[in-house]
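Colleague: Could you walk me through how this chain is held together, one contact at a time?

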Amino acid sequence: MIDQPAVWLEALPMPALLCGRDGFARGINRTGRDAFVWDARAPLDRQSWRVLLFGFGQALVEAVQQVAAGSLPQGELEVEGPGSRRYLCRVVPVGEAVLVSASDITAEQATRDALEALRREYHTLWAVQPARVLVADARGQVHSALDDADRSASPDNEADTLRRRWEQEAPHDPVHHQPIEWLETPAMRALGGQQVHGQRLEVRRPEGRRVVEAHAAPMRDADGRVSGVVVVEWDVTELARLELRVQEQAREAAALQARAASTSDSIERLVEERSQALLASQEEQVRERRLAAVGQLAAGVMHDVNNALNPIMAAAYLLRHHAESPEAVRDYADRIRKAAEIGAATASRVGRFIRQEPVHAGGDEVIDLSALADEVVDLTEPMRLRRTSEADEVRVERQLGADVQTRGLPGEIREALLNLVQNAIDAMPNGGTLTLRTAIDGNEVCIAVRDTGVGMTEEVRERAFDPFFSTKGAGGTGLGLAEVYGIARRHRGSAAITSVPGRGTEVLLRFPRWRERSGTPTPSQPLEPALPQRILVVEDHDDGRDFLRRILEADGHAVTVAASVREGEAALEAAGPPFDLLLTDVGLPDGSGWSLVKTARARFPDLRVGVITGWEPQVGTSEAQAVEFVLRKPLRAAELKSHIAAPLRRDTTSET
Ligand code: ADP
Ligand code: MG
């Protein structure tokens with residue numbers, strides 16, 4: 001019994017001692033001999049196991065006693081043995097004896113102590129850092145976890161392993177959203193000996209998906225072997241979100257910048273191209289418009305003049321054949337006059353575009369714009385009444401002020417207003433309101449014609465005053481507003497258009513204001529039959545000169561004729577009693593009629609002078625102001641007679 005145990009005792013890997021119930025040792029193995037202090041010279045069964053186990057402390061001795069006495073079935077306890085090593089001792093009954101084994105757990109205990117110390121340290125750290133700290137051993141068992149949930153160390157929990165946490169948290173790479181393999185987790189990399197710095201993971205947590213930044217480091221034992229791992233995880237969800245937003249914004253900003261750059265580039269290019277194209281087309285347009293205007297003007301004039309000449313030629317031919325019949329002669333004479341008047345009207349239409357000078361101060365009248373507006377409304381009534389249905393009605397509104405007066409040619413201003421009203425009515429095919437407004441504005445008076453019609457685009461508005469510009473196709477001549485403009489300018493005034501497409505148009509004319517002064521002469525004097533006068537006619541055109549002489553002689557005047565400036569001067573000098581009136585053409589072969597006027601005036605201050613011109617009268621010039629009247633060809637006999645019959649006119653004019 002004693003020898004036998006020696007065999008199986010020797011098979012035990014740790015120190016082992018067999019104690020008899022009599023208090024003496026019965027057997028011991030070789031490692032036991034090294035561990036337990038005993039005297040090799042004394043026989044084993046003479047040695048007390050109390051003495052042998054002395055080095056392991058009283059607690060072990062008592063445990064053996066209790067098991068030997070049967071009061072404890074078996075015992076297990078950790079004790080400090082010889083050499084300050086720690087042992088895990090087991091006490092079990094074996095037949096009549098008690099077996100004591102002692103495993104050296106010094107290293108194990110050291111690791112556990114170290115872990116515990118670390119845990120305490122991290123716990124302290126945890127108290128101030130918003131991180132999660134994990135401490136696990138080499139097998140992946142989590143020994144300590146400091147979690148967000150309660151900010152306290154969780155108690156050791158057998159089920160808490162790195163692997164389980166990996167399964168629960170399903171970490172992903174937050175950039176590429178790829179799952180992180182088990183062996184690629186920070187803890188496992190650290191257990192493999194690496195230091196892990198700031199690995200970003202997206203993990204599943206009770207509060208939702210979070211992004212953490214993990215740091216992991218291996219713990220090593222005295223021999224340098226990896227015995228555990230510490231993992232620290234920082235929650236950087238907000239940071240990551242911010243970073244992402246910053247990146248996005250940076251990307252957006254970059255994209256915007258790129259787009260802005262390319263847009264401004266293309267805008268610049270576009271503007272340049274457009275402005276070049278515009279410049280080119282503007283120049284071209286101006287040229288083309290001028291050409292077209294001149295062409296149309298010429299064509300129109302040619303057409304009208306031919307139309308006028310036609311009946312004149314026919315009448316002249318017929319006159320020769322029916323010269324004996326006074327009725328036929330009178331009839332043809334009338335036809336010729338009518339045709340000539342049509343021709344003259346054509347010429348004056350051309351003239352209105354050429355003339356830009358103000359109207360002759362002497363040939364004008366005081367005009368009351370309000371009265372004229374009334375007149376124009378009446379005149380255009382038939383035009384407005386052509387509208388049939390109630391819905392198409394054009395209502396007229398008058399906002400007319402008192403004493404809105406200017407000076408000028410009433411016929412011209414009336415014509416301008418008629419043109420404007422015509423345009424306004426054209427612009428309101430479905431009816432609307434036509435407003436005529438007059439007002440005094442400081443030293444000016446104005447009259448406006450407004451409609452609630454279709455309005456004009458900016459392009460149309462810009463070109464509306466151009467002669468022959470029309471959007472009305474065959475229905476328009478494009479001359480209306482051009483005439484309005486010319487008339488306004490000739491009256492030292494202005495014309496302006498305001499228009500909103502779809503809303504309506506207003507054309508505003510401004511003129512210098514005329515104020516009544518004291519001693520105003522009676523506006524017109526009754527025509528007295530002209531007293532016979534001595535008249536010098538200077539005209540190079542034979543027919544013209546001859547006709548003029550005959551007309552004047554028919555009224556009883558004494559007429560002398562001359563064909564040039566020189567002849568005219570000679571006639572003036574040669575005259576016995578001085579002439580009453582000099583009537584001269586402007587374009588003479590040896591100079592201008594105006595120079596003749598000048599010398600005549602200097603020589604005979606009381607001589608009355610009338611100028612006849614085929615060109616537009618040079619009204620407004622000092623020369624023109626200095627003569628009694630200016631007449632335009634073709635001469636109307638009645639007009640000429642009225643001037644000759646008004647010998648006081650010059651005096652009354654000069655008084656005003
Ligand atoms: P016409 O009337 O023969 O076309 P105008 O010189 O009178 O010629 O007018 C030139 C153009 O200006 C018209 O064709 C039209 O497009 C525009 N216009 C003139 N008056 C008006 C208006 N009251 N409302 C809208 N457009 C107008
Ligand atoms: Mg018109």
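What follows is a conversation about salt bridges, a sheet and helix packing in this predicted model.

Colleague: Happy to start with charges. How many salt bridges are counted in the model?

Modeller: Side chains of opposite charge can pair when their charged atoms come close. Here the cut-off is a Lys or Arg side-chain nitrogen within 4 Å of a carboxyl oxygen of Asp or Glu. By that rule the count is 36 salt bridges.

Colleague: Take the salt bridge between Glu169 and Arg205. Are the two residues buried or exposed?

Modeller: Their side chains meet with N and O 3.0 Å apart. The pair links distant parts of the chain, since Glu169 sits in helix H6 (residues 162-169) and Arg205 in strand E8 (residues 196-205), 36 residues apart. As for accessibility, both Glu169 and Arg205 are buried.

Colleague: And Arg510 with Asp441: is Asp441 buried, partly exposed or exposed?

Modeller: These two side chains form a salt bridge at 3.1 Å, N to O. The bridge joins distant parts of the chain, with Arg510 in strand E17 (residues 504-512) and Asp441 in strand E14 (residues 432-441), 69 residues apart. Arg510 has a relative accessible area of 22%, so Arg510 is partly exposed. Asp441 has 38% relative accessibility, so Asp441 counts as partly exposed.

Colleague: Nice. Which helix holds both Asp546 and Arg550?

Modeller: The closest N and O atoms of this salt bridge are 3.4 Å apart. The partners are four residues apart, about one turn of the helix, and both lie in helix H15 (residues 542-554).

Colleague: Which residues are joined into one network by salt bridges that share partners?

Modeller: We have already met two members, Glu169 and Arg205, as a salt-bridged pair. With shared partners taken into account, the network consists of Arg132, Glu169, Arg205 and Glu233.

Colleague: On to the sheet. Which strands are at the edges of the open sheet of five strands?

Modeller: The order is E2-E1-E5-E4-E3, with antiparallel pairing. The twist averages 20° from one strand to the next. The strands that pair on one side only are the edges, strand E2 (25-28) and strand E3 (75-80).

Colleague: What is the bridge partner of Pro93 in E5?

Modeller: Strand E4 (residues 86-94) and strand E5 (residues 97-104) run antiparallel and are joined by eight bridges. Across that pairing, the partner of Pro93 is Val98.

Colleague: Which helix packs on this sheet?

Modeller: The helix touches strand E1 (16-20), E3, E4 and E5. Its direction makes about 15° with that of E4, and it is helix H4 (residues 58-69).

Colleague: Now the helix pairs. Are H16 and H17 roughly parallel or roughly antiparallel?

Modeller: The axes of helix H16 (residues 565-574) and helix H17 (residues 593-603) come within 10 Å and cross at roughly 15°. Contacts involve residues including Leu572 in H16 and Leu596 in H17. H16 passes H17 in a right-handed crossing. Angles under 35 degrees count as roughly parallel, so H16 is roughly parallel to H17.

Colleague: Last one: is H10 oblique or roughly perpendicular to H12?

Modeller: Helix H10 (residues 369-379) and helix H12 (residues 410-426) have axes 10 Å apart and pack at an angle of about 50°. Among the residues that meet are Leu372 and Val376 in H10, and Ile413 and Leu417 in H12. Their crossing is right-handed. Roughly perpendicular would need 65 to 115 degrees, so H10 is oblique to H12.

Definitions and conventions:
Residues numbered from 1 in each chain as written. Chains lettered and ligands numbered in written order. Predicted model: local features only at pLDDT ≥ 70, side-chain atom pairs only at ≥ 80, totals over all residues. Heavy atoms only, no water. Helix = DSSP H or I, 4+ residues; strand = E, 2+ residues; numbered from the N terminus. Buried < 20%, exposed > 50% of the residue type's maximum accessible area, 1.4 Å probe, protein only. Pairing = 2+ DSSP bridges. Axes fitted to C-alpha atoms, helices over the stretch in contact; angles between N-to-C directions. Contact = heavy atoms within 4.5 Å. Parallel < 35°, antiparallel > 145°, perpendicular 65-115°, else oblique. Left-handed = near helix turned anticlockwise from the far one by under 90°.
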